[in-house]
Amino acid sequence: MTKSDIRVCSAWRSEDDPDRAGGSGNHDRPVYTLSSTCPECGAEAVNSAPASFDPADPYGEYRRRARDAGPDTN
């Protein structure tokens, strides 16, 4: 199992969240699952982990350069 296999129910977020998917369930806490739907309410389950790499990241080169240079020793 990898980190991207874990999903979270999309219906647990607040009502004013624009990313919230329509669903019958409104959970007090996140409901994690390995399936594509929530086991409690049947709403869509979405990937719980953010992408580890974004090819369109405009500052990625600078961040990698700073990481490779090590800690600031001033």
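Trainee: Which residues make the nonpolar surface patch of about 320 Å²?
Mentor: Ile6, Tyr32 and Leu34 make it. Keep in mind that you're looking at a predicted model, where local features need pLDDT of at least 70 and side-chain atom pairs count only at pLDDT 80 or more, while totals for chains, interfaces and linings use all residues. Residues are numbered from 1 along each chain as its sequence is written, and side-chain values use heavy atoms, with hydrogens and water left out.

Trainee: What makes a set of residues a patch?
Mentor: Each residue needs over 30% relative accessible area and no salt bridge, and then nonpolar side chains (Val, Leu, Ile, Met, Phe, Trp, Tyr) are joined within 5 Å, like charges within 9 Å. The areas come from the Shrake-Rupley method with a 1.4 Å probe, and for residues only the protein chains shown count as cover.

Trainee: Why is tyrosine 32 called exposed?
Mentor: Buried means under 20% relative accessible area, exposed over 50%, and partly exposed in between (1.4 Å probe, protein chains only). Tyrosine 32 has 52%, so it counts as exposed. You'll find tyrosine 32 in strand β2, residues 32-33; strands are DSSP runs of E, at least two residues, and helices are runs of H or I, at least four, numbered from the N terminus.

Trainee: Why is there no bond between the sulfurs of cysteine 9 and cysteine 38?
Mentor: A disulfide needs two cysteine sulfur atoms within 2.5 Å. The sulfur of cysteine 38 is the closest one to that of cysteine 9, but they're 3.6 Å apart, so that's too far. The whole structure has zero disulfides.

Trainee: Are those two cysteines buried or exposed?
Mentor: Buried, both by the same limit: cysteine 9 has a relative accessible area of 0%, and cysteine 38 has 4%.

Trainee: What makes histidine 27 a buried residue?
Mentor: Its relative accessibility is 13%, which falls under the buried limit, so buried is the verdict. Histidine 27 sits in the loop between β1 (7-9) and β2.

Trainee: Which side chain makes a polar contact with the side chain of histidine 27?
Mentor: That of glutamate 40, at 3.5 Å. The rule asks for N or O atoms within 3.5 Å; within protein, one must be able to donate a hydrogen and the other to accept it, and residues adjacent in sequence count only if both atoms are side-chain atoms.

Trainee: How many salt bridges are there?
Mentor: Three. Side chains of opposite charge can pair when their charged atoms come close.

Trainee: Why is the pair of arginine 63 and aspartate 57 called a salt bridge?
Mentor: The term needs a side-chain nitrogen of Lys or Arg within 4 Å of a carboxyl oxygen of Asp or Glu. Here the closest N and O atoms are 2.1 Å apart, so the pair qualifies. Arginine 63 is partly exposed at 49%, and aspartate 57 is partly exposed at 28%.

Trainee: What about arginine 65 and glutamate 61?
Mentor: Their closest N and O atoms are 2.7 Å apart, so that's a salt bridge too. Being four residues apart in helix α1 (residues 60-69), arginine 65 and glutamate 61 are separated by about one helical turn.

Trainee: What makes aspartate 68 and arginine 67 a salt bridge?
Mentor: A closest N to O distance of 3.4 Å, which is within the limit. Aspartate 68 is exposed at 59%, and arginine 67 is exposed at 57%.
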